[in-house]
Each structure stands twice: as structure tokens, then as C-alpha cells.
Amino acid sequence: MEPEEYKGFMITETPGWMYKATEIVSTSHFKHTLNACSVESLKISINYELEKRGRSNRKPVKK
């Protein structure tokens, strides 16, 4: 598999039929790589982590 870019992450194949995603522009949110056994599950993990990051960055609405 050739490296693939997905939402700011570079997905590459690693030994042992695994895949890893590293952030292209490193931030403090992702200090370690994300690992998964398939590209599809890795993309789901990336979406979840990005959504979780977005929720934590939102400020509570004052009424």
C-alpha cells in the first residue's frame, strides 16, 4: 500500500498487517500514532479523535 493522506494524517502500512496514522503537522493532541488492523477502522478512529478534539475545544454557552 502506498501512503495515503486522510484529514491531516498520513496512513502507512506497518509490518504484521497493521496500519498506522501519524499527524502530518504535529500538535499536542496526538503525541502517539494511531494503529489499527485495517485502513477503514483507522479512518473511523481518526474521525472519532477529531470529533472528540472538537468537543473539548468548544466553550460552554452562557445563558
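This passage describes the fold, strand pairing, nonpolar core and salt bridges of a predicted protein model.

The model is predicted, so local features are reported only at a pLDDT of at least 70 and side-chain atom pairs only at pLDDT 80 or more, whereas totals for chains, interfaces and linings use all residues. Residues are numbered from 1 along each chain as its sequence is written, and side-chain values use heavy atoms, with hydrogens and water left out. The protein chain has an average pLDDT (the predictor's confidence in each residue, from 0 to 100) of 84, and 87% of its residues score at least 70. Among the elements, mean confidence is highest in E2, at 93, and lowest in H1, at 85.

The protein chain contains four strands and one helix, arranged β-β-β-β-α from the N terminus. Helices (H or I, at least four residues) and strands (E, at least two) are DSSP runs, numbered from the N terminus. Of the 63 residues, 21% are buried; buried denotes a relative accessible area under 20%, exposed one over 50%, and partly exposed the range in between (1.4 Å probe, protein chains only). The exposed area of the protein chain is about 5,100 Å², of which carbon and sulfur atoms supply 55%; accessible areas come from the Shrake-Rupley method with a 1.4 Å probe, and for residues only the protein chains shown count as cover. Among contacts (heavy atoms within 4.5 Å) with a separation of 6 or more, 26% are between residues 24 or more positions apart.

Strand pairing, which requires that DSSP find at least two bridges between two strands, was examined along the chain. E1 and E2 are antiparallel and share three bridges, with Tyr6 opposite Phe9 in E2. Two residues separate the strands of this hairpin, in which Lys7 has a positive phi near 50°. E2 and E3 are also antiparallel, with six bridges. Within this pair, Thr12 has Lys20 of E3 as its bridge partner, and Glu13 faces Tyr19 in E3. The hairpin of E2 and E3 has three residues between the strands, and Gly16 takes a positive phi near 85° there. E3 further pairs with E4 in the antiparallel sense through three bridges; in this pair Lys20 stands opposite Asn35 of E4.

The two faces of E3 differ in cover: Tyr19, Ala21 and Glu23 form the covered face, and Met18, Lys20 and Thr22 the uncovered one. Glu23 belongs to strand E3, which spans residues 18-23. With a relative accessibility of 17%, Glu23 counts as buried. Beyond its neighbours within four places in sequence, Glu23 contacts Gly8, Phe9, Phe30 and Arg53.

The largest nonpolar core consists of eleven residues: Tyr6, Phe9, Ile11, Tyr19, Ala21, Phe30, Leu34, Ala36, Val39, Leu42 and Ile46. A nonpolar core is a set of buried Ala, Val, Leu, Ile, Met, Phe, Trp, Tyr and Cys residues joined through side-chain atoms within 4.5 Å. Two or more residues of this core come from each of strand E2 (9-14), E3, strand E4 (34-36) and H1. H1 gives the largest share, three residues. When residues up to four places away in sequence are not counted, the core member Tyr6 touches Ile11, Lys43, Ile46 and Asn47.

Side chains of opposite charge can pair when their charged atoms come close. The whole structure holds two salt bridges, each defined by a side-chain nitrogen of Lys or Arg within 4 Å of a carboxyl oxygen of Asp or Glu. One links the side chains of Glu4 and Lys43 at 2.8 Å, N to O. Because Glu4 is in strand E1 (residues 4-6) and Lys43 in helix H1 (residues 39-57), this pair ties together parts 39 residues apart in sequence. Glu4 is partly exposed, at a relative accessible area of 26%, and Lys43 is partly exposed, at 22%. The other salt bridge joins the side chains of Lys52 and Glu49 at 3.6 Å, N to O. Lys52 and Glu49 are three residues apart in helix H1, and about one helical turn therefore separates them. Lys52 is partly exposed, with a relative accessible area of 37%, as is Glu49, with 21%.
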